[in-house]
Amino acid sequence: MAEKFDNLEEHLEKFIENIRQLGIIVSDFQPSSQAVLNQKLNFMISGLQDIDKCQKQLHDINVPLEVFEYIDQGRNPQLYTKECLERALARNEQVKGKIDTMTKFKSLLISELSKVFPEEMAKYRDIRGEDGPC
């Protein structure tokens, strides 16, 4: 799988370099550079074809749109992954806290209900298959 990405990366780097050179030629265009301009345009077309061929190899890869927003903002796309993990960890801590709180609440509720309704709570524990007061 890494080979496919390496192949795509290589084609993209070549394409970007060709576009950079094409920009230099166009910005300082001289009639004598027409042949070089035509050659760079042909390289650009073949580069797009190479990139399109790579697309067929990577058709099953999905990239979240937020990654492209990061790139458009000039941010490192790896920050997206880092921030997603940080959000997931924070959310995990929140959920864990809620679970712990609900477990303590259940234990306290059963304890208090056992004091007020001992017979009913004994039946409840029998039905649930639990031992003694929690």
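**Figure 1. Close-up of Glu 17, a partly exposed residue of helix 1.** In this predicted model, Glu 17 has a relative accessible area of 31% and is therefore partly exposed. The side chain of Glu 17 meets that of Arg 20 in a salt bridge, with an N to O distance of 2.5 Å. Both residues belong to helix 1, where 3 residues, or about one turn of the helix, lie between their positions. Arg 20 has a relative accessible area of 46%, so this partner is likewise classed as partly exposed. The contact between Glu 17 and Arg 20 belongs to a structure that holds 6 salt bridges.

**Figure 2. Close-up of the negative surface patch that includes Asp 6.** Four residues form this patch: Glu 3, Asp 6, Glu 9 and Glu 13. Asp 6 is part of helix 1, which covers residues 2-27. With a relative accessibility of 46%, Asp 6 is counted as partly exposed, because exposed residues must have over 50%. Patch members carry no salt bridge, whereas Glu 17 of helix 1 is paired with Arg 20.

**Figure 3. Close-up of the salt bridge between Glu 86 and Lys 82.** The two side chains meet at an N to O distance of 4.0 Å. A salt bridge requires a side-chain nitrogen of Lys or Arg within 4 Å of a carboxyl oxygen of Asp or Glu. Glu 86 and Lys 82 are both in helix 4, which comprises residues 77-116, and they are 4 residues apart, about one turn of the helix. Glu 86 is partly exposed, as its relative accessible area is 43%. Lys 82, at 45% relative accessibility, also counts as partly exposed.

**Figure 4. Close-up of the salt bridge between Glu 112 and Lys 115.** The closest N and O atoms of this pair are 3.3 Å apart. Side chains of opposite charge can pair when their charged atoms come close. Because Glu 112 and Lys 115 are 3 residues apart in helix 4, about one helical turn separates them. Glu 112 has a relative accessibility of 39% and so counts as partly exposed. Lys 115, in contrast, reaches 61% and therefore counts as exposed, the class that begins over 50%.

Notes:
Residues numbered from 1 in each chain as written. Predicted model: local features only at pLDDT ≥ 70, side-chain atom pairs only at ≥ 80, totals over all residues. Heavy atoms only, no water. Patch = residues over 30% accessible without salt bridge, like charges linked within 9 Å, V, L, I, M, F, W, Y side chains within 5 Å. Areas by Shrake-Rupley, 256 points an atom, 1.4 Å probe, with all protein chains shown as cover. Lys, Arg positive; Asp, Glu negative; His and termini not counted. Charge placed at Lys NZ, Arg CZ, Asp CG, Glu CD. Helix = DSSP H or I, 4+ residues; strand = E, 2+ residues; numbered from the N terminus. Buried < 20%, exposed > 50% of the residue type's maximum accessible area, 1.4 Å probe, protein only.
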